[in-house]
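Colleague: Could you take me through one part of this model up close? I'd like the cut-offs as you go, and whatever context helps.

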Number of protein chains: 2
Amino acid sequence: MEKVKLLGTWPSPIVKRVVWGLKLKGIEYEITYEDHANKSPQLLKYNPVYKKAPVLVHNEIPICDSLVILEYIDETWKDASPFLPQDPLLRANERFWAKYSDEQVLPAVYGYFRKQGKDQEEARETTLAHLKRVEQLLNKNNFLSGERVGFLDLAFGWLADYSRPLEVVSGVKLLDEDSFPKLCAWRNKFLEIPAVHESWPDQETLIARFQKSKQTLFG
Amino acid sequence: MEKVKLLGTWPSPIVKRVVWGLKLKGIEYEITYEDHANKSPQLLKYNPVYKKAPVLVHNEIPICDSLVILEYIDETWKDASPFLPQDPLLRANERFWAKYSDEQVLPAVYGYFRKQGKDQEEARETTLAHLKRVEQLLNKNNFLSGERVGFLDLAFGWLADYSRPLEVVSGVKLLDEDSFPKLCAWRNKFLEIPAVHESWPDQETLIARFQKSKQTLFG
């Protein structure tokens, strides 16, 4: 009997990455939400190094780090909706850009939304240059992983899921249709996938939450 | 006809990670050393995102990022000396700690050697706490990947290869036998592996090089 638990925090886009992966594979799981300010003994026990979510606990054994977890899920539940292709070159490509998401694009985008005035203008160029690279990855495909949603889409899912709520609440545009036609189309397609569409928090809930914590989020 | 080229820089421990991997698998390759101050057109062409080594160029197709390259090598030349085991849990474990090497341990160790006086003392505790975790990973095994050298050993190879030269030149001890008996034993075993032992630059060359650039390295 498989027992799959996920330790999450709300509203973390990095935790949702794992949620989407589990749903895509059709894996039954149970999620517990951690409180940032008061971490549970199980979080401290299961992720003593970083003391943070997401942690996937599979038959009582913890796996930490969202991208590591996604590869674990893909290798453990091999048959349903593979995240990564078989070809080593395509696999390397998706891993490279997934790392780029977390090391370059995510901090740039979040920094951009948090900054104000001149600082924000300065951050704009770098941020848009990163996004231009992601736009180019789409080429003629519907998804970053190709014709079907895969590892790289899950890795960049935070951008599809959080960009519009952040744009709405901050009043700052990030992805406009003219500059990023492929990324905008991808965002819509990604959000329409049932595994993503059915995942809470939805876009409206995110907007309401960001609206409430606007002061903290955008200074 | 396989054509494997490696763009490297000297003396980068992150490039040597790939060198060791290629040698462990017995793959014939050609290495070109890049000049930091004057990057070659081929480096700019093959790694336009980061413009840095290592880049593995396999039949004219570039693969970037040393850990991504190692997985690519492992998946492309499957039969000889597998780096990663088959079990998804063990694979996840090695990936998690390899990331920990690059995100936590490496910057801590390098920072520690570069700092002076009180700053160095302050960095000591964090650095040793990281190394204590790596010590514990060895458990009863000879190697970080188990009984045979593997992915995690290649990832942490920089520590085996560069720690003694840095200790000798800086006069600052990092790994002492009493506090880190397993890591010290691992360092010796790792350096004795032919793929590592035969890789240039050797320990003496590293010491001589660090001696020459002592001022730049340790302020």
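Modeller: Here is a close look at the domain interface in chain A, followed by the contact with chain B and two single residues. First the housekeeping: this is a predicted model, so to speak, with local features needing pLDDT of at least 70 and side-chain atom pairs counting only at pLDDT 80 or more, while totals for chains, interfaces and linings use all residues. Residues are numbered from 1 along each chain as its sequence is written, chains are lettered from A and ligands numbered from 1 in the order in which they are written, and side-chain values use heavy atoms, with hydrogens and water left out.

Chain A splits into domain 1 (4–76) and domain 2 (88–217), with bounds from an automatic or database domain assignment. Their centres, over C-alpha atoms, sit 21 Å apart. On the domain 1 side 17 residues are in contact with 27 residues of domain 2 (contact means heavy atoms within 4.5 Å). As for how big that is, the size of an interface is often given as the accessible area lost when the parts come together. Between these two domains of chain A about 1,900 Å² is buried, and carbon and sulfur atoms give 67% of that (accessible area with a 1.4 Å probe that two parts lose on being put together, summed over both). A:W10, A:K16 and A:W20 supply 38% of what domain 1 buries there, more than any other three residues.

There are polar links too. The two domains of chain A share three salt bridges (a side-chain nitrogen of Lys or Arg within 4 Å of a carboxyl oxygen of Asp or Glu). The side chains of A:E71 and A:R95 form a salt bridge, 2.8 Å from N to O. Across this interface there are also six residue pairs in polar contact, both residues at pLDDT 80 or more (N or O atoms within 3.5 Å; within protein, one must be able to donate a hydrogen and the other to accept it, and residues adjacent in sequence count only if both atoms are side-chain atoms).

Which elements supply the domain 1 side? α1 (13–25) and α3 (66–76) of chain A each bring at least two residues, and α1(A) gives the most, with nine. Helices here are DSSP runs of H or I, at least four residues, and strands are runs of E, at least two, numbered from the N terminus. By class, that side has 10 nonpolar, two polar and five charged residues; Ala, Val, Leu, Ile, Met, Phe, Trp, Tyr, Cys and Pro count as nonpolar, Asp, Glu, Lys and Arg as charged, and the others, Gly among them, as polar.

Now the chain B contact. Here 25 residues of chain B are in contact with 25 residues of chain A, burying about 2,400 Å², with 64% from carbon and sulfur atoms. The count is eight salt bridges; A:K99 and B:D65 meet in a salt bridge at 2.9 Å, N to O. On the chain B side, β4 (61–64), α3 (66–76) and α4 (88–114) each supply at least two residues, with α4(B) giving the most at 11.

Two single residues to finish. A:N47, in the loop between α2 (41–46) and β3 (55–58) of chain A, is buried at 2% relative accessible area (buried is under 20%, exposed over 50%, partly exposed in between, 1.4 Å probe, protein chains only). The A:N47 side chain reaches the backbone nitrogen of A:Y50 at 3.1 Å. A:Q203, in α9 (203–212) of chain A, is buried too, at 18%.
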